[in-house]
Amino acid sequence: VERGFRGPPSYHIDRLRKAPVGHFFDVVTNGYGAMASYASRIPPRDRWAIIAYIRALQFSENATPADVPREELYKLQGDNR
């Protein structure tokens, strides 16, 4: 961005939240727009780990109490059931 490139979109926009995981793998592997390919620098297993992290961030941004497992919700509420 400092050198005149467009800023990347947020992972939290609807289009990217609904994108299949294969989209992210393809972008990291082959590049997209001004983003270069990372295929030679990031092994496939690590690319999938990055994508899992992106999905976790997306999920956490839009999570509700109903998404928390009951046992964990009890812990958060201070109830030791």
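Guide: Let's start with a term: a salt bridge is a side-chain nitrogen of Lys or Arg within 4 Å of a carboxyl oxygen of Asp or Glu. Keep in mind that this is a predicted model.

Visitor: What makes the contact of R17 and D14 a salt bridge?

Guide: The N to O distance between the side chains of R17 and D14 is 3.7 Å. The limit is 4 Å, and the pair is an Arg with an Asp, so the name fits.

Visitor: How far apart are R17 and D14 in helix 1?

Guide: R17 and D14 are three residues apart in helix 1, which covers residues 14-18, and that puts about one helical turn between them.

Visitor: What makes K18 and D14 a salt bridge too?

Guide: Their closest N and O atoms are 3.0 Å apart. That is within 4 Å, and a Lys faces an Asp, so K18 and D14 qualify. Along helix 1, K18 and D14 are four residues apart, again about one helical turn.

Visitor: Which residues are linked in a network of salt bridges?

Guide: D14, R17 and K18 are. D14 has a salt bridge with R17 and another with K18.

Visitor: Why is K18 called exposed?

Guide: K18 has 64% relative accessibility. Exposed means over 50%, so K18 gets that word.

Visitor: And what are R17 and D14 called?

Guide: Partly exposed, in both cases. R17 comes in at 35% and D14 at 37%. Partly exposed is the range between under 20% and over 50%, so both values land there.

Visitor: How many salt bridges does the structure hold?

Guide: Three. Besides the ones we've met, the side chains of E72 and K75 form one, with 3.3 Å from N to O. E72 and K75 sit in helix 4 (residues 70-76), three residues apart, which is about one turn of the helix.

Visitor: How do you know whether K75 is buried or exposed?

Guide: The relative accessible area of K75 is 55%. The cut-off for exposed is over 50%, so K75 is exposed. Its partner E72, at 36%, is partly exposed.

Visitor: What about R47: where is it, and what is the nearest side chain of opposite charge?

Guide: R47 is in helix 3. The nearest side chain of opposite charge belongs to D46, 8.2 Å away. A salt bridge needs N and O within 4 Å, so R47 has none.

Visitor: What does "buried" say about R47?

Guide: Buried means under 20% relative accessible area, so R47 falls in that class. Leaving out residues up to four places away in sequence, R47 touches F25, V28, T29, A39 and I42.

Visitor: How much space lies in the largest pocket, and which residues are closest to its centre?

Guide: About 690 Å³ of space lies in the largest pocket. It is lined by 21 residues, and P8, P9, V27, Y32 and M35 are the closest to its centre.

Visitor: Which helix supplies the largest share of that lining?

Guide: Helix 2, with four residues. Helix 1, helix 2 (21-30) and helix 3 (44-61) each supply at least two.

Visitor: How do the lining residues divide into nonpolar, polar and charged?

Guide: The lining has 16 nonpolar, three polar and two charged residues.

Visitor: Last one: why is T64 called partly exposed?

Guide: Its relative accessible area is 38%, which lies between the 20% and 50% limits, so T64 is partly exposed. You'll find T64 in the loop between helix 3 and helix 4.

Methods
Residues are numbered from 1 along each chain as its sequence is written. This is a predicted model: local features need pLDDT of at least 70, side-chain atom pairs count only at pLDDT 80 or more; totals for chains, interfaces and linings use all residues. Side-chain values use heavy atoms; hydrogens and water are left out. Buried means under 20% relative accessible area, exposed over 50%, partly exposed in between (1.4 Å probe, protein chains only). On a 1 Å grid over the protein atoms alone, a cavity is a set of points where a 1.4 Å probe fits but cannot get out, and a pocket is an open set with protein on both sides within 12 Å along at least five of seven lines; lining residues have an atom within 4 Å of a point. Grid points are joined across faces, edges and corners, and a volume is the space filled by probe spheres set on the points. Ala, Val, Leu, Ile, Met, Phe, Trp, Tyr, Cys and Pro count as nonpolar, Asp, Glu, Lys and Arg as charged, and the others, Gly among them, as polar. Lys and Arg count as positive and Asp and Glu as negative; His and the chain ends are not counted. Contact means heavy atoms within 4.5 Å.
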